[in-house]
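Got your viewer open? Let's take a short tour, one selection at a time.

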Amino acid sequence: MPERNAEFFNHELQKKITSQFLYLNENPNGNERLFFENAGGSLRLKSTVEAQAKMSSLPDCPERTHDIALDIRKAIEDGTKDIRLFLNAKDGSIATALTASKLMFEMVTTIAAAKQNGNIVTTAIEHPSSYDACQFASEQYNHELRVAEADPESGSIPLENILALIDDETVLVSIILTSNITGAMHNIEQYAKAIREKNPSAYIVVDAVQGAPHGVIDVDAWKIDALNIAPYKMFGNRGVGFAYLSDRVASFPHHRLLATDKDNWNVGSPTPANFAAFTKVIDYICEIGAFYTSSTDRRTLIVEGMHRIHLQEQALLNRLLNGTAGRPGTKQMPNVKVHFEEANGISQDLILALTFDNISCAKAVEKYGNHNILLFARESSSHYSRRILEAVDLDAIVRVSPIHCHTAKDVDRFLEVTQLIAEDKI
Ligand SMILES: Cc1ncc(COP(=O)(O)O)c(C=O)c1O
């Protein structure tokens, strides 16, 4: 199995990063807190919150010609350029909506309407936003819904399970970039190529909400038709989702003010603050990139920044799994089972799915909470988790989801508490 490519940020960069986040070590009440629940909404940058507030304070309509209106319009244009750069979207359209889920429904139903009586292929570990959109669209347009099975060991969808379901009548294939429950990452470039070889006219839709904060996205290289992200999962704010639509789907009949361009996916007035805040996210990623490259090209800086974020996160993951000379990792602890990672190898994102032999997931999360570590138990009692957990033969997991701004010291604190729980000492 290939070695995990991992490297911690140097001290100077880590210090800079630490200073830019809100509530990294304390909750808003001033109580110590280790926030390892970033898959539910990530720690956010001060700059994004400030930009959001500043832009939201302006009453001006951007459709006017006075100075402030022009500034606001420029923020929207710059933000849109940054979305394109982040996704490497050189063609097609960018869409916004209040949530990534809403965008997914819009994209899937629009594509599904292109044909009747075909089939839609999705996977057993999709988030409900894409799975339900596929089911809904299948019912609306008389398509058969086909669901690719997961490999319970890795918590991923093997490519052959998807390919086996695709035929000439396949309208749409929906695949998640990174699972928000198992942490399995799919190689979308490879998957999309194989899907296109089997059926070049099938439209490929990717849910990148969980994957976006952890690695490089490149819709140009991946050659897919639709992809969504959510800034609140990637150091930004809640209240908006962004999506890319390829040239071949952007002009499909869709909800649109009819006087606007056929490939326009923004219905009504955009919210300038969402664009200004996203530009701050991209500025931040570029700042990390600039530590390692002298390029001034913004996409190059984004790619380098995301690559470095990935390396830092893989170093955190290594430590979570294997500990250090003086401290056992989760893999070495009695009563602790780490799911998926072993089978996933380098395709495991910085999400650990744990279960304990001596205690329920809910109880473990409570104990972590008592020791100021915030985690989440994904349980089959929740409609967000049930289908996915069943697909990987589990009933519940403790989800551990730090992000790159965390440090080796944070991981050590987590391991210390984990060992106490595993040994029934707390
Ligand atoms: C993988 C994935 N896709 C989609 C979504 C939906 O995001 P939202 O609820 O913001 O629409 C989430 C949210 O948790 C997610 O984790």
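Start with the ligand and the backbone of A100: a polar backbone atom there is 3.4 Å from a ligand oxygen, a polar contact (a pair of N or O atoms within 3.5 Å). You're looking at a predicted model, where local features need pLDDT of at least 70, side-chain atom pairs count only at pLDDT 80 or more, and totals for chains, interfaces and linings use all residues. Residues are numbered from 1 along each chain as its sequence is written, and side-chain values use heavy atoms, with hydrogens and water left out.

Next, pick D207: an N or O atom of its side chain is 2.6 Å from a ligand nitrogen. Now add K233, which has a polar side-chain atom 2.6 Å from a ligand oxygen. On its own the ligand has 390 Å² of accessible area (Shrake-Rupley, 1.4 Å probe), and the protein covers 87% of that.

Widen the selection to the residues around the ligand (a heavy atom within 4 Å), among them T99, S101, H127, Y232 and Q210. How many residues of each class are in this shell? Count 4 nonpolar, 6 polar and 2 charged.

Zoom out and color by domain, using an automatic or database assignment: domain 1 is 11-43 + 312-422 and domain 2 is 50-282. Their C-alpha centres lie 28 Å apart. At the interface, 31 residues of domain 1 are in contact (heavy atoms within 4.5 Å) with 30 of domain 2.

Conventions: Polar contact = N/O pair within 3.5 Å; in protein donor to acceptor, adjacent residues only side chain to side chain. Nonpolar A, V, L, I, M, F, W, Y, C, P; charged D, E, K, R; others polar.
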